[in-house]
Amino acid sequence: MPQKEKPKPTSPKFYHQTDQVVIEEFHTDIKTGLTTTTAKARLKKDGYNELDSKPVPKWQILIQQFNNIIIYILMLAAIFTLLMRHYSDSSVITIVIIINALIGFAQEIKASNALEKIKTLLSAETNVYRDGTRTQMLARNLVVGDVVYLEAGDNVPADLRLVDLDNLRIQESALTGESDSVAKTINPLPLNTPISDQTNMAFASTGVTNESGLGIVVAVGENTEIGKISTTVQDMKHQNSPLTKELDQLGAGISWFIIISSVILFVFGMFLQIYSIPVLVMAIITMIVGSMPEGLPAATSIILAAGAQKLTKEHAIVKTLPAAETLGAIDIIATDKTETLTKNEMTIQDILVGNQHFTVTGNGYDPTETFNLYQKPIDPADYPELSQLLKMGFLANDALVFKEPETHAWEINGEPTDAAFVTAYYKAFGTDPHVPAEIDRIPFDSDYRYIAKLVQLPDQKRMLAIKGAPTTLFKLATIFHPDFDVAGWKQKVQQFAKTGKRVIAVGYLPIDNDTEQITIESIAKSRINFLGLVAIIDPPRPEVIQTIAEMRTAGIKVKMITGDSPETATAIGQKLGLADEIKTMTGPEVNALSVDELAKVADSYSVFARTTPFDKLKIVEAYQQNGNVTAMVGDGINDAPALKKADIGIAMGGKGTDVAKESADVILTDDDFSTIETAIAQGRRLYDNIKKTILFLLPTSFAEGLIVLISILLGQPMPLTPTQLLWINMVSAVTIQLAFIFEPAEPNLMQRPPRNKYQKLMNRHDVWQMIYVSLIIAGMALIAFSITERFHIPFFVTSTMAVNIIICGKVYYLFNIRTTAPAFPKRVILSIELLPLS
């Protein structure tokens, strides 16, 4: 059986090495591949090309529900009452413990393990050279040094250093965040080149979109980039939410105070010999049970569960209950750009033809909008040069744009940039065009940076349509026009780039009718006719700009993390209104800093460009180190570590990958960034209502403990039994406080800043209020019990009266605590005073 020892290649920066060095390092041959004997030896040494997953057993999740100091104390109380043969009291306490555990277990069991989904991402089968023969085999049997053949439609089975290509393009958006597929090369790259720019590498779990290539396996299993993400997610410790930490601290503080007080009281009772030992023990247990806010876990769980259910109706699925409240504490939102802040729908907005600047309305691939010149609608057919540009841009591409029959939505098959040209052509000339016959084509490649297609027009003439990088077409245009204004057109390109737009140049060339083939060499010598420039943008989601403005009003800062270039990212950040002044940091700059160093400067940056998955993770850690409650929003595999590390991970439910959704705490089913604002408002409301619940439960619980304490000190009979106290705490108190579930949000909820992460749940005013409310309720119950006892009224009547007084006290106190506004408005009180007496 293969060992699980992880492979440790001697030089992991294969993108920096020549392909020949990589071949020699792994002792392989690109024509014959590895021998079966060598492959078996490496498989035995390094293990299978798969990811280990360690899902948390359900029994362990259930056991964790009992890991609470309040539960520990209740367990001891249940044991003592059982030993003293108070079976009813012991049974009730045990039922309370089980109910609390089941509530927590039922919620946590809904959260799945992200590693199970990651494991399925590695391709099942792949084409590999072994013993000089190309064969198909299970991807899990790949080893370093294997030579893999890739073609369109394949999933990349491991991390590969590419050594031979035929216009290979790979879609890496799930890993890098960039929407367009990447044209691959084989040349070595500089050191510290980010993953998004490692064009001579192919990474596991990405997809081949065009043509074919050969690559040498340089990393398998957990050593692949997706494997590193898997390991990072797996190794991350569970992060307790701010509320969970506060409740744990509060519960521990209350519990220790009650225990210490009980020990002191027990010693004091023994010294004064107020009761016999069994009676004294039962009295102390009664005081502990009465003082313990055992209803607190259930109460908070009910409020959070109701809040989570309401969030689900608002298109935000909360996977763990504390996450519903943590949303309200967010003060930093770090978010991916593509398909989160923007639509990932490349759209042509500007066309420059000669001295004319045409604009195109609409976003996305719906071809129903119009063309404008000087802000007035025009018919493109009336402008021959514009028509020619649209036609050539339509011909020189490989994308399809079509209307999905069931949803009637416009979808694409191919590159978003190519689809933008098809959409523009449809807007101008309709969606049922005549498509000329294709004679030959040259697919886009990053070496020459254009796509060209030779077609035969209806009049039997042949035409070469070409579009690509402006610098490339400028160079080709100067062959035909030596006086071509390169400097002027470059300035226009820069102006568009500063607004976050991608610029494409379009040209054409009449071809002899007997030409059957085009080559890169022939085009390099051609007299290309330059038609103009097209500016394309991935438009921001319209609701996002308003949402970000409202979040800034609420004291929440939004930080954009993207794989785009710094120029494009900065321009989009400005359009989104992330900050008054946009400062941008690149991935290599992030990587050069430690987390401590990054934490010192991170607050001043609003945009992070050219980032890797681990840059995102470091950025989140830096903000957390500054004391921020940090949310991460994403949808790709590359977002998974940051989603898991963040205080709250938020994934897109529609277009998001399974890995992102399983790593997150909240899933937005409508893929709408503005839903986050709704969720934050709901989270703030939940926190307010949970705090009101605590301020309601603690004084009333302490009042019950005070009743027992004073009774022991006075040496009088216990007015209450443990069962009665549990009834008050778990039944009447919990049902009364259910009113907080429906308590509306306080005024100006989203105009106030987020609460401080280190803010105490209870301040001095709250403690003082807890003390005097406890004294009032306890005093009223004891006075009533003493008076009725003097009249020799039966104990069950006097005890029941004490219970009802406590419950009535809770009801009156509920109206006092339910809102910061007066329980009864002044106008109501005045109207009562003005009522006639007769």
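In this predicted model, H792 lies in the loop between α27 (764-790) and α28 (795-817). The phi angle of H792 is near 55°, a positive value in a residue other than glycine. H792 is exposed, with a relative accessible area of 72%.

**Other positive phi angles**

D671 offers a second case: its phi is positive, about 55°, although D671 is not a glycine. This aspartate belongs to the loop between β26 (666-668) and α25 (675-714). With a relative accessible area of 8%, D671 is buried, whereas H792 is exposed at 72%. A glycine also takes a positive phi: G577, just after α19, has a value of about 75°.

**Overall composition**

The protein chain contains 29 helices and 26 strands. Of its 838 residues, 54% are buried. Among contacts with a separation of 6 or more, 71% are accounted for by residues 24 or more positions apart. The accessible surface of the chain comes to about 37,300 Å², and carbon and sulfur atoms hold 57% of that surface.

One pair illustrates separation along the chain: T312 and L668 are 356 residues apart in sequence, yet their C-alpha atoms are 8.9 Å apart in space. T312 lies in helix α11 (residues 295-313). The relative accessible area of T312 is 40%, and this residue therefore counts as partly exposed, since that class lies between the 20% and 50% limits.

**Two helix pairs**

The packing geometry of two helix pairs is set out below.

| Helix pair | Angle between axes | Distance between axes | Handedness of crossing |
|---|---|---|---|
| α13 (residues 384-395) and α14 (residues 416-429) | about 135° | 8 Å | left-handed |
| α15 (residues 470-480) and α16 (residues 486-497) | about 165° | 11 Å | right-handed |

At about 135°, α13 and α14 are therefore oblique to each other. On the α13 side, the residues that meet α14 are S387, L390, K391, G393 and F394. Their partners in α14 are F421, V422, A424, Y425, Y426, A428 and F429. By class, this contact has nine nonpolar, two polar and one charged residues.

The angle of about 165° between α15 and α16 exceeds the 145 degree limit, and these helices are therefore roughly antiparallel to each other. P470, F474 and T478 in α15 meet V486, W489, K490 and V493 in α16. The residues of this contact divide into five nonpolar, one polar and one charged.

**The surroundings of α19**

Helix α16 also takes part in the packing around helix α19, since the buried residues of α19 pack against α16, α18 (542-553), β21 (557-561), β22 (584-586) and β23 (607-609). Which residues of helix α19 (residues 566-576) are buried? They are T568, A569, T570, A571, I572, G573 and L576. The surroundings of these buried residues thus comprise both helices, including α18, and strands, including β21. G577, with its positive phi of about 75°, comes just after α19.

Terms used
Residues numbered from 1 in each chain as written. Predicted model: local features only at pLDDT ≥ 70, side-chain atom pairs only at ≥ 80, totals over all residues. Heavy atoms only, no water. Helix = DSSP H or I, 4+ residues; strand = E, 2+ residues; numbered from the N terminus. Buried < 20%, exposed > 50% of the residue type's maximum accessible area, 1.4 Å probe, protein only. Contact = heavy atoms within 4.5 Å. Areas by Shrake-Rupley, 256 points an atom, 1.4 Å probe, with all protein chains shown as cover. Axes fitted to C-alpha atoms, helices over the stretch in contact; angles between N-to-C directions. Parallel < 35°, antiparallel > 145°, perpendicular 65-115°, else oblique. Left-handed = near helix turned anticlockwise from the far one by under 90°. Nonpolar A, V, L, I, M, F, W, Y, C, P; charged D, E, K, R; others polar.
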